[in-house]
Amino acid sequence: MRDLSEELLGDKQPKITDSIDMIKKIILWTIAVLVLLAIAAWGGYILRQQESYKSLVHKKSKALLTVSLDDILLNQFFNKWQSAPKEGQDFGQKLSKLKDNGIDIKANVFLFALEPHPKNFYAFFQLKDKQQFLTFLKDVIQVGAVESNLAPDVSYAYHQPSKIAFIWKGDDLLLSLGFDLDTKKEEMLQLIQSKDDRVTIEQFINRPSTLTGKSLRYSDISTDNFIELELKGDHLDVSGEFFSTDWNFPKEYLVRELVSAKYIGKAWINIPNSQLKNQLKQLVSELPIAADSIIAHLDGNYVDIEILKNKVIQTDTIINYAVDENFETIEEKTPYETKVPEVRLAMRGDNDMRRFLPSKLFYQWFQKQDKEFSLLTTSKDIDKLNVAYNKTAELSHVAVHLVDWPNEAKISPILLLKTIASDITLSLKVVDHNRLVLQGTIADYSH
């Protein structure tokens, strides 16, 4: 005689087996549905990529700027970068409204430039809802007015603070991003009126998929040089390659050892050819210093800078003139103290270069000579500064804590980056005598 529990279990055994089979079927069907959805999503992604290759550019484009919008959205771009300062949040909110702009935007946006060293880029689009587009201009871009008498059936809008301009004819739209766009109106008019000069990305470049591997890519058409930015969670990885048969860079450099902490920004650059030296000369030519003489004696071809977080006290003198009891003019000197940023500069040059270095430029500068290096600093304790040197394969290096960058130091590219990023680090390394590699990181405020 069987035990009662065995009888009860025996009666339930088929039901338990049926339940397990049902659970297996549900799991299998769920997996199958997820696989089908993944395949469909991937297929849709590929189709959108292929469709974007029909985007138009000018057939004489000198450079391309590719924005991989689908990839950026997949990386949750708008969610990751929302802890930035208010200006950055406003910028991110405007970007998130791009989907409501009445413009047919593909998976990838290809902006082209007509100049070898561009300051602005253009992109062709199709309007799918003109009224929605006009609302977008007014509410999101905040364009004040639209110019509708530029040419028959052509309208134009420009928003200088956002560095953006639009021109459209019928359903054809040309967008421009960059600087000095108020001088590009005539060029934009020619571009929107001439359809014969437009070609698709597929026609313009072989294997257009090479342009879309990263979130953002700048490509020089004539040299194949490029810069790429790839979004990875809370930061952007920066990479690039530059090649020229005219270069013959040394593979090793001697640089001053810069601070590793408590700095706002630091950078150094080696200048091994005349082209780079001429560019440096143009940068400093506007300053009230003997730029020509300094550059001429910069035979060591090296410059660096450190901007520290702490400030130092400088003493200056105000000179007033008064009349004494004998009606004679007397000079009265009043000392006063000010706090200024501690800044350090170093240049490698010949022994005569120090004669042309400034003793006062915005701040007082104190000078020290260490071997072939001339050091300048805003701190009077320059003699206590320990100087060390390292050998490196890097042509240049830049590191900036954007979150600490003072707003009064109005360097436009840095202030623009500060609205969306907290730190930037870039290095340019010599991997061959005629080839350079760029590497770096741009970190956001959420890390």
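Leaving aside its neighbours within four places in sequence, which residues is Ser-52 in contact with? They are Lys-106, Ala-107, Asn-108 and Phe-110. One thing to keep in mind from the start is that this is a predicted model.

## Ser-52 and its partners

Let's stay with Ser-52 for a moment. Helix α1 covers residues 4-52, and Ser-52 belongs to that helix. Is Ser-52 buried or exposed? Ser-52 is buried, because its relative accessible area is 0%, and the cut-off for being buried is under 20%.

Asn-108 turns up among the contacts of Ser-52, and there is a bit more to say about that pair. Their two side chains make a polar contact, at 3.0 Å.

## Gln-314 in strand β16

Next, look along strand β16, which takes in residues 302-323, and you'll find Gln-314 there. With a relative accessible area of 6%, Gln-314 counts as buried, since the label applies to anything under 20%.

Which backbone oxygens does the side chain of Gln-314 reach? One belongs to Gln-364, at 2.8 Å. Another belongs to Thr-378, also at 2.8 Å. Once neighbours within four places in sequence are set aside, Gln-314 is in contact with Gln-364 and Thr-378, and also with Tyr-336, Glu-337, Thr-338, Val-340, Tyr-363 and Phe-366.

## Strands around β25

Strand β25 (residues 435-443) is a good place to see strands pairing up. How many bridges join strand β13 to strand β25? There are nine, and the two strands run antiparallel, with β13 made up of residues 235-243. To pick out one pair by eye, try Val-238, whose bridge partner in β25 is Gly-440.

Strand β24 (residues 423-432) is also joined to β25 by nine bridges, and these two run antiparallel as well. Here you can look for Val-430, which stands opposite Leu-436 in β25. What joins β24 to β25 along the chain? A hairpin does, passing through two residues.

A general point may help when you look at strands like these: in a regular strand, side chains alternate between the two faces of the sheet.

## A cavity inside

The structure also has some enclosed space, with two cavities of 30 Å³ or more. The second largest cavity holds about 40 Å³ of space.

Which residues line the second largest cavity? The lining is formed by Ala-113, Leu-114, Glu-115, Pro-118, Asn-120, Tyr-122, Lys-184 and Glu-187. Sorted by character, the lining has four nonpolar residues, one polar and three charged.

## Two aspartates with positive phi

Finally, a couple of backbone details. Asp-153 isn't a glycine, yet it has a positive phi of about 65 degrees. You'll find Asp-153 in the loop between β6 (147-151) and β7 (154-159). Asp-153 is exposed, because its relative accessible area is 56% and the exposed label needs over 50%.

Asp-180 also has a positive phi, near 55 degrees, and again this is a residue other than glycine. The loop that holds Asp-180 runs between β9 (172-178) and α6 (185-193). How exposed is Asp-180, and what is its relative accessible area? Asp-180 is partly exposed, with a value of 45%, so it falls in between the buried and exposed cut-offs of 20% and 50%.

Notes
Residues are numbered from 1 along each chain as its sequence is written. This is a predicted model: local features need pLDDT of at least 70, side-chain atom pairs count only at pLDDT 80 or more; totals for chains, interfaces and linings use all residues. Side-chain values use heavy atoms; hydrogens and water are left out. Helices (H or I, at least four residues) and strands (E, at least two) are DSSP runs, numbered from the N terminus. Buried means under 20% relative accessible area, exposed over 50%, partly exposed in between (1.4 Å probe, protein chains only). A polar contact is a pair of N or O atoms within 3.5 Å; within protein, one must be able to donate a hydrogen and the other to accept it, and residues adjacent in sequence count only if both atoms are side-chain atoms. Contact means heavy atoms within 4.5 Å. Two strands pair if DSSP finds at least two bridges between them. On a 1 Å grid over the protein atoms alone, a cavity is a set of points where a 1.4 Å probe fits but cannot get out, and a pocket is an open set with protein on both sides within 12 Å along at least five of seven lines; lining residues have an atom within 4 Å of a point. Grid points are joined across faces, edges and corners, and a volume is the space filled by probe spheres set on the points. Ala, Val, Leu, Ile, Met, Phe, Trp, Tyr, Cys and Pro count as nonpolar, Asp, Glu, Lys and Arg as charged, and the others, Gly among them, as polar.
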